[in-house]
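Welcome! Here is a short briefing to help you find your way around a structure that is new to you. Take a look at it first, then read on.

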Amino acid sequence: MAAREKTRDELDMQTLRELASLPANKFCFDCGQRGTTYVNVTIGAFVCSACGGLLRGLNPPHRVKSLTVCSFTEVEMDRIKSRGNENNSTVPGQSTNAPQTNTKNPFL
Ligand SMILES: [Zn+2]
């Protein structure tokens, strides 16, 4: 893997903070609880810490990263930016990852 500059990670963190502050991303994609601390980078959705743990235990496991600790690859950042909770409508355990325009988030 190529060496990464610190500024690149800092930019990612800033982008993630902005994305996490979007209304749709403030609520866990999986359980609807307010307060998201993790990103399911498999589908590019924001989730709470409890669901982050559950997603890691799925078979096959989803890739879950902390919003504050982890650094993200360009591919992961693109997925998060292009999807987010608003453009995801899958449920855990199902692998229909096709982006859809409608949302099942009841808080919107
Ligand atoms: Zn949750």
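Among contacts in the chain between residues at least 6 apart in sequence, what percentage join residues at least 24 apart? The share is 54%, where two residues are in contact if their C-beta atoms, placed from the backbone, lie within 7 Å. Please keep in mind that this is a predicted model: local features need pLDDT of at least 70, side-chain atom pairs count only at pLDDT 80 or more, and totals for chains, interfaces and linings use all residues. Residues are numbered from 1 along each chain as its sequence is written.

**Overall layout**
- The chain has 3 helices and 3 strands, taken from DSSP runs (helices: H or I, at least four residues; strands: E, at least two) and numbered from the N terminus.
- Along the sequence, these follow the pattern α-β-β-α-β-α.

**The sheet**
- Three strands form an open sheet in the order β2-β1-β3, with antiparallel pairing; strands pair if DSSP finds at least two bridges between them.
- The edge strands, β2 and β3 (64–66), each pair on one side only.
- β1 and β3 are joined over 3 bridges, and Tyr38 stands opposite Ser66 in β3.

**The core**
- Of the chain's 108 residues, 27% are buried, meaning that 20 or more other C-beta atoms lie within 10 Å of the residue's own, with C-beta atoms placed from the backbone.
- The largest nonpolar core (buried Ala, Val, Leu, Ile, Met, Phe, Trp, Tyr and Cys residues joined through C-beta atoms within 7 Å) has 18 residues; Cys28, Phe29, Ala45, Phe46, Val47 and Cys51 touch the most other members.
- β2 gives the most to this core, with 3 residues.
- Leaving out residues up to four places away in sequence, Phe46 touches Ala20, Asn25, Phe29, Thr36, Val39, Gly84 and Asn85.

Note on methods
A residue is buried if 20 or more other C-beta atoms lie within 10 Å of its own, exposed if 12 or fewer, and partly exposed in between; C-beta atoms are placed from the backbone.
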